[in-house]
Amino acid sequence: MSIRVSSLSVYNFRSFAAYDLSLGEAVNVLVGRNAAGKTNLVECLQLLTSGQSFRRPSPRDLVRQGAEACRAQCTLEGEGRLLEMGLAVAGSRRTFSRNGKKVTAAGVRGVLPSVLFCPDHLDMVKRSASVRRAALDDFGVQLNEQYARLVSTYERTVEQRNNLLKEPYVDRGLLAAWDESISATGAALTVHRMSLLARIREHAARAYGAIAPGELLGISYSPSIYGDEYTAGDKIPQRGEVQEQFLRALDERRDEELRRGITLTGPHRDEILFTIDGRDARSFASQGQQRSVVLAWKIAEVAVTRDILGRPPLLLLDDVMSELDASRRESIMHFIEDGVQTVITTTNLGYFSDLVLEEAKVVEVDE
Ligand SMILES: Nc1ncnc2c1ncn2[C@@H]1O[C@H](COP(=O)(O)OP(=O)(O)OP(=O)(O)O)[C@@H](O)[C@H]1O
C-alpha cells in the first residue's frame, strides 16, 4: 500500500478544543453543517503534508481563540513506513516536527504531497496571473526541494533588488551584481516552472478532453523577459539562454526600473495562459468551461505526482461538490476511484451516489 494518512489529532487548532479523526485508505467524506470545522481539518491536513495552507494564515490564526498554543499531528503509513508529522504553534512561532524531531516546513513536505481543490480555485483561469503562478509553485515546491529553494531565493532577491532600486542614489556596480544573481535564480526557476507545466499540460489536456469531449485545452507559459508576444509552446529553453535573455530584458528596462523603483521583469511577472480550441479561456470560455479547466488542472496534479514520486498524493476536496454540476461531479468521482486517498467535505451527502457512500468512510464533523 502506498503512503496514506491514517489519523489526525488536533488540540486548540482553529475551532477545535480537541479532535481526533481516523481516515480510511480511499474516499473519506467529512459531512457537517456550515462552520462545523470541516475546512479547518482539511487545512490542517494540508499543513501537515505540504507545510503550507491555502489560507496563508499567520501562526496565531491557527490557535483557537482564547488559547495560548495549539498542536496537531498526523500519522502517515504505508510502504513499510510509519511517520508522525507534527505542528505546534506557541505565540507567533510555528514549528513542524517529524517523528518527534523539529524540522522546517521542508521536513514535512515531499513524503505525501497534497493536492487541494477548493471554491477559491474555481476562477483561477481569469484571476490575476499571480494566482496561476502560485498554483504552479505551490505544487512544484512539494515535489522538488530545489524548486522550493529557488522560489524562496528568487522572492528574496526581488525584494532586495527592489530595495536597492528605491534608494535615492543607486550604486550601479551593486545593481549589476543583483542583476547577475536575479537572472541566474530567475532563469533556473523559469526552466523548472516550464518543465513542470509541460507535465501538467499533457495530463490536463487529456483530463479536459474526457470532461468536455471534442474541446482542446492548451496551457502555455509566457516568460515576461521575452516580452508579451512570446509563448514558449512545448519547447523548454536552456537555462543559459534564459539567463542571457533575462540580462538583456533588465538592460532594456533599466531606466524605467530606476524611475519606478521596482523590478519590472522576471518570473514574478510571468503568465500562464489557458486556451480552449486555441482561444484565450479568460475572455472566451464560459464559467463552466473555466471550471472544467481547473478540474483538469487538479486531475493533472494528481497524475504528475504519481509520475514523479511513484505514488498518488492526498487529494483534498473542500466544498467543491456544491460548486460543480452533475457531470463534473461525476468526473471527480470517477477519477478518485482510482486509488487516490481523498478527503471530501460537504454539507450534503446527496451529492454522492449510494455506491460511493457504501465504499467511503463517512465522518460527521461537529466540534
Ligand atoms: N483561531 C480560531 N479560533 C476559533 N474559531 C476559529 C478559528 N479559526 C476559525 N475559526 C472558526 O471556524 C469556523 C469555520 O470553520 P470551517 O471553515 O472549517 O467550517 P466548514 O465546516 O468548512 O464550513 P462551511 O461548510 O461553511 O465551509 C468558523 O466559525 C470560524 O470562526
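Q: What radius of gyration does the protein chain have, set against a compact globule of 367 residues?
A: The model is a predicted one, in which local features need pLDDT of at least 70, side-chain atom pairs count only at pLDDT 80 or more, and totals for chains, interfaces and linings use all residues. Residues are numbered from 1 along each chain as its sequence is written. The radius of gyration is taken over C-alpha atoms, and the globule rule is 2.2 Å times the number of residues to the power 0.38. For 367 residues a compact globule would come out near 21 Å, and the chain agrees with that at 22 Å.

Q: How many helices and strands are there in the protein chain?
A: Helices (H or I, at least four residues) and strands (E, at least two) are DSSP runs, numbered from the N terminus. Counted this way, the chain has twelve helices and 14 strands.

Q: What percentage of the residues in the protein chain is buried?
A: Let's start with the term: a residue is buried if 20 or more other C-beta atoms lie within 10 Å of its own, exposed if 12 or fewer, and partly exposed in between, with C-beta atoms placed from the backbone. Of the 367 residues, the buried share is 41%.

Q: Which helix gives the most residues to the largest nonpolar core?
A: A nonpolar core is a set of buried Ala, Val, Leu, Ile, Met, Phe, Trp, Tyr and Cys residues joined through C-beta atoms within 7 Å. The largest one here has 96 residues, and Leu45, Val293 and Ala296 touch the most other members. The top contributor, with 14 residues, is helix α6 (residues 172-211).

Q: Why does this core lie between two domains, and which are they?
A: Domain bounds come from an automatic or database domain assignment. The core lies between the two domains because both give residues to it: domain 1 (4-112 + 313-364) and domain 2 (123-280).

Q: Which residues does Arg133 touch, not counting residues up to four places away in sequence?
A: Arg133 sits in helix α4. It is partly exposed because it has 19 C-beta neighbours inside 10 Å. Two residues are in contact if their C-beta atoms, placed from the backbone, lie within 7 Å. With residues up to four places away left out, Arg133 touches Asp270 and Ile272.

Q: Is Arg127 buried, exposed or partly exposed?
A: Arg127 is found in the loop between β8 (114-117) and α4 (129-143). Because 14 other C-beta atoms lie within 10 Å, Arg127 is partly exposed.
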